Amino acid sequence: MNLTHAHVRHLYWSINSQTLAYVSGSADLRLSSPLNQSTQPSTDVIAAPSEEFNAWFATLDQQPDALEAFIAAHEHRLLGSYFEVLWQFFLSHYPNWSLLGSRVQIPPNGPTLGELDLLAKAPSGETLHIELAVKFYLRHPQRSGENASDWLGPQTRDRLDLKLDKLAEKQFPLLHHPVTQTTLEQAGLPTSAQATSVIKGYLFEPAGEGAPQEKENPPELNAIPPAVNGKVHTGYWYHHQHTDTLLSQHDQWAIIDKWQW
């Protein structure tokens with residue numbers, strides 16, 4: 001779509017871009033279709049292209065005041081927080097969807113066990129526990145990429161395998177913890193929900209050794225872990241020592257603030 005407003009474009013990407021990876025055991029849910037109670041890996045919460053979907057975004061692009069006000073009223077200093085706020089807005093405003101709870105801390109006071117990113121009601125009437133993530137991972141130059149541990153995030157402390165394990169082993173089971181059940185009951189929120197995930201982002205291949213060269217086309221992934229979507233967005237990464245050379249070659253590069261990555 002030809003969207004002109006930056007936040008509306010970001011929202012569209014957050015909802016409609018390719019899934020980065022799947023979490024085993026979560027539900028397969030499409031915004032335009034009934035819930036599929038599959039136990040296979042999730043395709044994430046996505047919106048299949050439709051006239052209604054595109055018309056809604058076209059209207060929002062022309063009248064973005066509600067989105068601007070919503071973003072301004074919520075914490076969004078970091079990329080992950082901004083991504084969450086965009087999803088909160090979407091589920092609060094898109095037809096036939098309801099946002100029941102967001103960033104639900106368990107318990108609400110004192111040391112926490114964690115938090116539930118989103119609780120939402122789907123058009124089918126199903127209650128969903130949605131965990132969100134937006135990630136950009138670089139393949140280790142000495143690894144094949146076939147293992148999730150080969151893909152590294154900032155400072156290498158964030159790895160794809162660690163994120164997927166955390167979702168499957170901590171975030172999804174948190175809903176069923178006795179403290180969570182009590183917290184939700186006291187808050188008047190549903191105590192049962194179908195777990196699903198929204199994992200968006202890019203995977204970056206090493207650009208290669210030697211002098212930096214501009215690469216116009218996105219790379220094809222030589223090998224990917226079973227959990228990764230084969231259609232995920234891809235790019236190249238360069239070592240920081242190459243930045244001066246790359247920036248001197250043309251004017252199509254931008255250094256972005258940390259909150260944007």
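Start by selecting Pro206 and Trp237: Pro206 stands opposite Trp237, which sits in S8. Keep in mind as you click around that this is a predicted model.

**Stop 1: the strands around S7**

Now widen your selection to strand S8, residues 233-237, and its partner S7; the two run parallel and are joined by five bridges. Is S7 mostly buried or exposed? Color residues 194-206 and take a look: eleven of the 13 residues in strand S7 are buried, so the strand is largely enclosed by the rest of the structure.

Next, add S5 to the view. S5 and S7 also run parallel, with eleven bridges joining them. To see one of the facing pairs, pick Lys135 and Gly201: Lys135 stands opposite Gly201 in S7. While you are looking at strands, here is a handy rule: in a regular strand, side chains alternate between the two faces of the sheet.

**Stop 2: a pocket**

Stay with Lys135, since it takes us to the next sight. Rolling a probe the size of a water molecule over the atoms shows where empty space is left. The second largest pocket here has a volume of about 880 Å³. Which residues are closest to its centre? Select Gly80, Val134, Lys135, Asp158 and Lys163, which are the closest of the 30 residues that line this pocket.

Now color the elements that give two or more residues to the lining: helix H4 (79-93), strand S4 (114-121), strand S5 (127-139) and helix H5 (160-174). S5 gives the largest share of the lining of this second largest pocket, with seven residues. Try coloring by residue type too: the lining divides into 13 nonpolar, five polar and twelve charged residues.

**Stop 3: strand S3 and the loops beside it**

Leave the pocket and go to Asn96, in the loop between H4 and S3. What is its phi? For Asn96 phi is positive, about 75°, although this residue is not a glycine. Switch on the surface and you'll find Asn96 exposed, with a relative accessible area of 60%.

Move along to Arg103, which lies in strand S3. Here is another positive phi in a residue other than glycine, near 45°. Arg103 is partly exposed, with a relative accessible area of 24%.

A little further on, zoom in on the peptide bond from Ile106 to Pro107. Cis or trans? That bond is cis, with omega near -15°. You'll find Pro107 in the loop between strand S3 (98-106) and S4.

**Stop 4: helix H2**

Select Phe53 in helix H2, residues 51-62. With 1% relative accessibility, Phe53 counts as buried. Then add Pro95 and draw a distance between the C-alpha atoms: Phe53 and Pro95 are 42 residues apart along the chain, and these atoms are separated by 9.4 Å.

**Last stop: zoom out**

Finally, show the whole protein chain as a cartoon. How many helices and strands does it have? The secondary structure comes to seven helices and eight strands. Of the 261 residues in the chain, 44% are buried. Switch to the surface view, and you're looking at an accessible surface of about 13,900 Å², with 48% of that belonging to carbon and sulfur atoms.

One more thing to explore is how the chain touches itself. Among contacts between residues at least 6 apart in sequence, 64% join residues at least 24 apart.

Key. Residues are numbered from 1 along each chain as its sequence is written. This is a predicted model: local features need pLDDT of at least 70, side-chain atom pairs count only at pLDDT 80 or more; totals for chains, interfaces and linings use all residues. Side-chain values use heavy atoms; hydrogens and water are left out. On a 1 Å grid over the protein atoms alone, a cavity is a set of points where a 1.4 Å probe fits but cannot get out, and a pocket is an open set with protein on both sides within 12 Å along at least five of seven lines; lining residues have an atom within 4 Å of a point. Grid points are joined across faces, edges and corners, and a volume is the space filled by probe spheres set on the points. Helices (H or I, at least four residues) and strands (E, at least two) are DSSP runs, numbered from the N terminus. Ala, Val, Leu, Ile, Met, Phe, Trp, Tyr, Cys and Pro count as nonpolar, Asp, Glu, Lys and Arg as charged, and the others, Gly among them, as polar. Buried means under 20% relative accessible area, exposed over 50%, partly exposed in between (1.4 Å probe, protein chains only). Contact means heavy atoms within 4.5 Å. Accessible areas come from the Shrake-Rupley method with a 1.4 Å probe; for residues, only the protein chains shown count as cover. Two strands pair if DSSP finds at least two bridges between them.
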